[in-house]
Amino acid sequence: MVHQLQTELGVSIHCADAKQRFLGALAGVTEPEKKRKIIGHTFIDVFKEEAQRITGVAFLAQGTLYPDVIESVSVKGPSEVIKTHHNVGGLPEELGFELIEPLRWLFKDEVRQLGRELGLPEEILQRHPFPGPGLAVRVLGEVTEERLETLRAADAVLLEELHEAGWYRKVAQAFAVLLPVKTVGVMGDLRTYQDVIAVRAVETRDFMTADWAPLPHDLIGRIASRIVNEVAGVNRVVYDVTSKPPGTIEWE
């Protein structure tokens with residue numbers, strides 16, 4: 001998130017400082033809704049500080065989609081709030097900017113069609129969604145720098161294997177999740193007690209409903225084998241076969 005802010009603003013942000021602010025604010029927090037709101041508020045604080053380095057910054061543009069709105073607030077009639085998206089229910093009331101959300105009433109497939117009409121390349125249009133709160137909602141339990149590094153390494157293996165197997169564009173979204181549990185394993189002649197990675201891949205058009213993707217067994221096997229052998233501290237990989245509903249696409 002901080003790196004993206006640096007690129008879009010074209011300024012030199014103190015990445016290490018901002019990273020520590022996020023990690024510090026999230027220290028000890030395990031409840032998903034609290035995570036999302038903390039990240040939303042911290043993001044705005046960092047954004048405001050960096051915007052002050054540029055003359056005439058008056059707008060905050062966000063890629064909010066309709067599913068974000070539906071899940072975050074009660075839109076029409078009585079409906080349950082599923083989770084707070086940082087760009088809908090997670091922002092502070094006083095932003096200090098004029099909020100611009102040109103895609104707010106569109107679904108993901110409609111946004112992609114709009115992108116095609118505008119001539120955007122397919123590698124951009126077909127890129128999998130990345131959660132606004134970042135990897136904090138894919139690290140279940142407390143978010144620490146060490147746990148984030150473990151997740152990044154596992155996710156890199158997953159995406160590399162999907163690309164090489166030609167499955168990246170066959171699924172709508174795929175990612176790794178670091179679970180807040182440890183399991184007993186054996187590596188060589190040694191007993192291990194290490195982390196568990198869950199792999200999630202779904203098929204969907206509008207992201208309001210989704211089916212788990214039936215990845216080939218040999219592909220799942222390669223992904224699991226590489227993660228266990230290449231990612232330090234992980235000794236087990238599981239595959240999520242839950243549709244939406246009842247499960248959400250992201251785990252938190």
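Is Phe 207 buried or exposed, and what is its relative accessible area? In this predicted model, Phe 207 is buried, with a relative accessible area of 9%. The residue sits in the loop between E4 and strand E5 (211–212), and its phi is near 65 degrees, a positive value in a residue other than glycine. Most residues other than glycine have a negative phi, and most peptide bonds are trans.

Further backbone features are found at a glycine and at two prolines, as listed here.

| Site | Feature | Value |
|---|---|---|
| Gly 166, just after H7 | positive phi | about 75 degrees |
| Lys 244 to Pro 245 | cis peptide bond | omega near -15 degrees |
| Pro 245 to Pro 246 | cis peptide bond | omega about 10 degrees |

Pro 245 is found in the segment after E6, and Pro 246 lies in that segment after E6 as well.

Turning to the interior, the largest nonpolar core has 40 residues, and those with the most contacts inside it are Leu 162, Ile 197, Leu 215 and Ile 227. Among the elements that give two or more residues to this core are helix H3 (32–51), helix H7 (145–165), strand E4 (190–203) and helix H8 (217–230). Apart from it lies another core, of 11 residues, which includes Val 177, Leu 179, Val 196 and Ala 198.

Helix H7 has 21 residues and reaches 30 Å from its first C-alpha to its last, close to the 30 Å expected at 1.5 Å a residue. Its buried residues include Arg 147, Asp 155 and Glu 161, together with Leu 158 and Leu 162. Leaving aside residues up to four places away in sequence, Leu 162 touches Trp 167, Tyr 168, Ala 174, Leu 215 and Leu 219.

Note on methods
Residues are numbered from 1 along each chain as its sequence is written. This is a predicted model: local features need pLDDT of at least 70, side-chain atom pairs count only at pLDDT 80 or more; totals for chains, interfaces and linings use all residues. Side-chain values use heavy atoms; hydrogens and water are left out. A nonpolar core is a set of buried Ala, Val, Leu, Ile, Met, Phe, Trp, Tyr and Cys residues joined through side-chain atoms within 4.5 Å. Buried means under 20% relative accessible area, exposed over 50%, partly exposed in between (1.4 Å probe, protein chains only). Helices (H or I, at least four residues) and strands (E, at least two) are DSSP runs, numbered from the N terminus. Contact means heavy atoms within 4.5 Å. The expected span of a helix is 1.5 Å times one less than its number of residues.
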